[in-house]
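Please examine the sequence and the structure below. The dialogue that follows explains how some of their features may be read.

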Amino acid sequence: MILIGRNLSPFVRRVAASLNLLGLPFEQRPLSTVDHKPEIMGFNPLGRVPALVLDDGTVLVDSTAILDALDETAGPGHALVPAAGPQRRAVLQALALGTGATEKAVAAFTERDRRPGGLSWPEQVDRLSAQAAGGLGALESLAAASDAWLCGGRLTQADITAAVALDFCDLVLPGLTAGRFPALAALRDRANAIPAIGETRWRG
Ligand SMILES: N[C@@H](CCC(=O)N[C@@H](CS)C(=O)NCC(=O)O)C(=O)O
């Protein structure tokens, strides 16, 4: 399989970490959405990363759809999202918070740093940052109320996505996260201590 995109993207990184954890071999093409848009469009008509090229040439896009396919490949004993019941609902809710916070952080970063000079809208940066912090705050409450992992006794996709979300927010919105989410930071550190996850950290 070939994973398209760099681990700077939290959506790419959660797929890379999940492939590692599930023991599914892959090669990564670290294409950037800024510098390699035409190449990325060749894999994903939306021009976004991640995309995953399967061994039969099929291309999957969107991290949620990709992760669902990986879980199906891994089988119910290994899948990172439980198949059914209250555990599945809990993981999906935590995932909604993690991906939601990540989307708002990406939007805040884009508004602040990617607009041509003078066109950034500070109030919108603040609004988007507050929404990202809201999602992280909800994950912080979940982390504070749980033992090692967010949903039940084992690591799930909720933990990977939450850890990746906090690492990304630390990177692009450091003023927003500093010292504010201690239980979530501890969970993130536990997750990053697992080589399959930690080695996907962005070191650009
Ligand atoms: N819902 C998508 C979001 C992917 C996404 O927004 N990727 C960003 C990088 S973090 C991207 O490719 N942005 C470039 C663009 O939209 O032009 C997913 O989960 O894969």
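**Reading the structure**

A: Six residues of domain 1 are in contact with seven residues of domain 2, where contact means that the C-beta atoms of two residues, placed from the backbone, lie within 7 Å. Helix 1 gives the most to the side of domain 1 that touches domain 2, with five residues. By class, this side of domain 1 has three nonpolar, one polar and two charged residues. In this scheme Ala, Val, Leu, Ile, Met, Phe, Trp, Tyr, Cys and Pro count as nonpolar, Asp, Glu, Lys and Arg as charged, and the others, Gly among them, as polar.

Q: On what kind of model does this rest, and how are residues numbered?
A: The model is predicted: local features require pLDDT of at least 70, side-chain atom pairs count only at pLDDT 80 or more, and totals for chains, interfaces and linings use all residues. Residues are numbered from 1 along each chain as its sequence is written.

Q: Which domains does the assignment give, and how far apart are their C-alpha centres?
A: Domain bounds come from an automatic or database domain assignment. Here the assignment gives domain 1 (2-74) and domain 2 (85-194). Their C-alpha centres lie 20 Å apart.

Q: Which residues touch the most other members of the largest nonpolar core?
A: In soluble globular proteins, nonpolar side chains tend to be buried together. A nonpolar core is a set of buried Ala, Val, Leu, Ile, Met, Phe, Trp, Tyr and Cys residues joined through C-beta atoms within 7 Å. A residue is buried if 20 or more other C-beta atoms lie within 10 Å of its own, exposed if 12 or fewer, and partly exposed in between. The largest core holds 53 residues, and Ala94, Ala132, Leu136, Ala162, Leu166, Cys169 and Leu184 touch the most other members. Helix 6 (residues 157-172) gives the most to this core, with ten residues. Domain 1 and domain 2 both give residues to the core, so it lies between them. Leaving aside residues up to four places away in sequence, Ala94 touches Leu139, Leu142, Leu150, Cys151, Ala158 and Ala162.

Q: How does the reach of helix 3 compare with the expected span, and where are its buried residues?
A: Helices (H or I, at least four residues) and strands (E, at least two) are DSSP runs, numbered from the N terminus. The expected span of a helix is 1.5 Å times one less than its number of residues. Helix 3 (residues 63-74) has twelve residues and reaches 16 Å from its first C-alpha to its last, close to the 16 Å expected. Its buried residues are Ser63, Ile66, Leu67 and Leu70. They cover an arc of only 95° around the axis, which puts them on the same side of helix 3; the arc is that of the directions from the helix axis to the C-beta atoms. The face turned away from the buried side carries the exposed residues Ala65 and Glu72. The buried residues of helix 3 pack against helix 1 (10-21), strand 3 (51-53), strand 4 (59-61) and helix 6.

Q: Which residues of helix 8 are buried, and what do they pack against?
A: In helix 8, Leu184, Ala185, Leu187, Arg188 and Ala191 are buried. They cover an arc of only 160° around the axis, so they lie on the same side of helix 8. Pro182 and Asp189 are exposed on the face turned away from that side. The buried residues pack against helix 5, helix 6 and helix 9 (195-198). Ala191 counts as buried because it has 23 C-beta neighbours inside 10 Å. Not counting residues up to four places away in sequence, Ala191 touches Asp159, Ile160, Ala163 and Ile197.

Q: Which peptide bond is cis, and what is the phi of Asp62?
A: Most residues other than glycine have a negative phi, and most peptide bonds are trans. A cis peptide bond joins Val49 and Pro50, with omega about 5°. Pro50 is placed in the loop between helix 2 and strand 3. Asp62, a residue other than glycine, has a positive phi near 80°. Asp62 is found in the loop between strand 4 and helix 3, and it counts as partly exposed because it has 16 C-beta neighbours inside 10 Å.
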